[in-house]
Amino acid sequence: MQKTVNLPPCRWQLSIMLMIAVFLLGMAGTMLMSMQRGAGVTDAQYYENGLNYDRTKSGARNPGLNWSMSASLAGRDLQVRVQDEKGVPITGGALQFRTEKAGNPVVLSLTEASPGVFVSPWPANGKAELKGLLVFTKGEASASQKVVFFN
């Protein structure tokens, strides 16, 4: 007489189905929560704010978007010329060169030597590559430009 053998049910198939069900329930719950509450890291008016990237805080158009800056090393001095779209020097603003040194932020303020020309002593010693950001502000208007200097 033959003995009947009862095979155990495939538990690995049940485990996979259970994992898929838990995943789908978790995703559905996450979607429902995000639709009701929203995330704390998003701006509720992101679309309107994104459209106004070229505006100042008061809502006026930022004229600094059309300004240009040309930087050079003149001897041991860092020299930056700031001009509008017609080539007219922009006077009376404040210019900063922002960089990092050993992981720490460094801000170098340039002084206006002549109309639209800002000068400061070269911040690096010897031969160096210096990366940074030039930021020019005048009132609410601002302009910025990334630069890399090779000495």
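Which residues do ring pairs link into a cluster? In this predicted model, the cluster consists of Trp67, Phe118 and Phe136, joined through ring pairs, and its setting is best described after the overall fold.

The chain contains two helices and seven strands, and along the sequence these elements follow the pattern α-α-β-β-β-β-β-β-β. Of the 151 residues in the chain, 22% are buried, while the exposed area amounts to about 11600 Å², of which carbon and sulfur atoms supply 59%. Among contacts with a separation of 6 or more, 50% are made by residues 24 or more positions apart in sequence.

The seven strands form an open sheet with antiparallel pairing, in the order 1-2-5-4-3-6-7. Strand 1 (68-74) and strand 7 are the edge strands, each of them pairing on one side only, and neighbouring strands of the sheet are turned by 25 degrees against each other on average, direction ignored. At one end of this order, strand 1 and strand 2 run antiparallel and are joined by seven bridges, with Leu73 standing opposite Leu78 in strand 2. These two strands form a hairpin with two residues between them, and Gly75 in the turn has a positive phi of about 70 degrees. Strand 2 is in turn joined by five bridges to strand 5 (residues 117-121), again in an antiparallel arrangement, and here Val80 stands opposite Phe118 of strand 5.

In soluble globular proteins, nonpolar side chains tend to be buried together. The largest nonpolar core of the model comprises 19 residues, of which Met69, Val80, Phe97 and Phe136 touch the most other members. Two or more residues each are given to this core by strand 2 (77-83), strand 3 (94-101), strand 4 (104-114), strand 6 (129-138) and strand 7 (141-150), and the largest share, four residues, comes from strand 7. For Val80, the contacts beyond its neighbours within four places in sequence include Met69, Leu95, Leu110, Val117, Phe118 and Leu134.

Gln83, also found in strand 2, has a relative accessibility of 28% and therefore counts as partly exposed, since it does not fall under the 20% that defines a buried residue. When residues up to four places away in sequence are not counted, Gln83 touches Asn66, Trp67 and Ser68 as well as Val88, Pro89 and Ile90. The C-alpha atoms of Gln83 and Val117 are 9.1 Å apart in space, although the two residues are 34 residues apart in sequence.

Three aromatic pairs were found in the chain. In one of them, the ring centres of Trp67 and Phe136 are 5.5 Å apart and the planes stand at 70 degrees, so the pair is edge-to-face. Because Trp67 lies in the loop between helix 2 (46-51) and strand 1, whereas Phe136 belongs to strand 6, this pair ties together parts that are 69 residues apart in sequence. Trp67 counts as buried at 15% relative accessibility, and Phe136 likewise counts as buried, at 0%. The rings of Phe118 and Phe136 also have their centres 5.5 Å apart, with their planes at 65 degrees, so this pair too is edge-to-face. Here the link runs between Phe118 in strand 5 and Phe136 in strand 6, distant parts of the chain that are 18 residues apart. Phe118 counts as buried at 1% relative accessibility.

Notes:
Residues numbered from 1 in each chain as written. Predicted model: local features only at pLDDT ≥ 70, side-chain atom pairs only at ≥ 80, totals over all residues. Heavy atoms only, no water. Buried < 20%, exposed > 50% of the residue type's maximum accessible area, 1.4 Å probe, protein only. Contact = heavy atoms within 4.5 Å. Areas by Shrake-Rupley, 256 points an atom, 1.4 Å probe, with all protein chains shown as cover. Core = buried A, V, L, I, M, F, W, Y, C linked by side-chain atoms within 4.5 Å. Pairing = 2+ DSSP bridges. Axes fitted to C-alpha atoms, helices over the stretch in contact; angles between N-to-C directions. Phe/Tyr/Trp six-rings, centres within 6.5 Å; stacked < 30°, edge-to-face > 60°.
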